Amino acid sequence: MTDFFTMHPGETAAPVPPGPVLSAGSTGIRRVHRFLLWAYGEAPDLVRSAAPGDTSRAAYVGEVLGNFDKVLLIHQEGQDLFMYPQLAERAPASASHVEQMLDHHKRIRQLIQGIEPVRKRWMQTADAENREVLAKGYEGVQAVLKEHLRREVTEVMPAVDRVITEEELKAMVQHGVRQHDKKFLVTYLGMVLATNPPEDRREIFSEEIPAPARLGYRLIGRRMYRKQYATLFPGRAIPETL
Ligand SMILES: [Fe+2]
């Protein structure tokens, strides 16, 4: 199977500045992107899985989707603050790529913000009309996101790896971690592990996750992840994590 993160004909990467590789940003970002691809691939049908009038399922699904949206917007905000301005300054030849990626971010943000009131209304009413508007809205997000998640990895990350340090990347990750509550983060870890290949899974767990969070995942996160998956997708086998 071809790697999802592969350039399409006619696409070109930003020129890679000379010098050593300073960080493993490409690897980390692929891992988050795999989660986002999965999440927004499922979103439209998840919305449609709540029968009209089933307000308890609409409220549950809507809350999970709201968490996905929060992860996505905070992830983008971190890049807007900690990655793209630095890339543009340190690798000026990547300017047009930076502009394009920031434009994708803006379009995605507008789409998510546009459907937020619909999601909130539907969570209370579970009505068929809002359900379809929301499902279509998530299809729109998915379309832009699918292109963005691929092209960010193939076109800009090779340059980012040469101009952004490990410390700077850590600050970007922390910016995100600080904005989520710990209970959510351990469930999120389950989703990230489940959507990444086994070798990445082991590395994420042993190298990216601090010891207290690993413990939290073992004590409650794994169980919460499994319960959430089983509720979202009744009858489906729960993907392996760790
Ligand atoms: Fe991005």
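**Figure 1. Spacing of the iron donors along the chain.** In this predicted model, the residues that donate to the iron ion follow the sequence pattern Q-x25-H-x42-H-x3-E. Two of these residues, His-105 and His-148, sit 43 residues apart and link distant parts of the chain. His-105 belongs to helix H4, residues 95-125. His-148 belongs to helix H5, residues 128-163.

**Figure 2. Close-up of the iron ion.** The protein donors are Gln-79, His-105, His-148 and Glu-152. Gln-79 donates through OE1. His-105 and His-148 each use NE2. Glu-152 appears twice, with OE atoms. The donors lie 2.2 to 2.4 Å from the iron ion.

**Figure 3. A salt bridge from helix H5 to the segment before H1.** Arg-150 pairs with Glu-11 in a salt bridge. Their closest N and O atoms are 2.8 Å apart. Here, too, distant parts of the chain are joined: Arg-150 lies in helix H5, while Glu-11 lies in the segment before H1. The two residues are 139 apart in sequence. The count of salt bridges comes to 20.

**Figure 4. The two domains and the area between them.** Domain 1 covers residues 25-180, and domain 2 covers 181-234. Their C-alpha centres are 19 Å apart. Contact involves 18 residues of domain 1 and 21 residues of domain 2. About 1,800 Å² is buried between the domains. Carbon and sulfur atoms give 65% of that area. Which residues of domain 1 lose the most area to domain 2? They are Arg-31, Trp-38 and His-180. Together these three account for 37% of what the domain 1 side buries.

**Figure 5. Charged and polar pairs between the domains.** Domain 1 and domain 2 are joined by 4 salt bridges. In one salt bridge, the side chain of Arg-34 meets that of Asp-200, at 3.5 Å from N to O. Between the domains there are also 8 residue pairs in polar contact, with both residues at pLDDT 80 or more.

**Figure 6. The side of domain 1 that touches domain 2.** Helix H1 (25-48) and helix H2 (55-82) each supply at least two residues of this side. H1 gives the largest share, 8 residues. By class, this side of domain 1 holds 10 nonpolar, 4 polar and 4 charged residues.

Technical notes
Residues are numbered from 1 along each chain as its sequence is written. This is a predicted model: local features need pLDDT of at least 70, side-chain atom pairs count only at pLDDT 80 or more; totals for chains, interfaces and linings use all residues. Side-chain values use heavy atoms; hydrogens and water are left out. Domain bounds come from an automatic or database domain assignment. Contact means heavy atoms within 4.5 Å. Buried area is the accessible area (1.4 Å probe) that two parts lose on being put together, summed over both. A polar contact is a pair of N or O atoms within 3.5 Å; within protein, one must be able to donate a hydrogen and the other to accept it, and residues adjacent in sequence count only if both atoms are side-chain atoms. Helices (H or I, at least four residues) and strands (E, at least two) are DSSP runs, numbered from the N terminus. Ala, Val, Leu, Ile, Met, Phe, Trp, Tyr, Cys and Pro count as nonpolar, Asp, Glu, Lys and Arg as charged, and the others, Gly among them, as polar. Donors are N, O and S atoms within 2.8 Å of the metal (3.2 Å for Na, K and Ca); water is not among the atoms, so sites may look incomplete.
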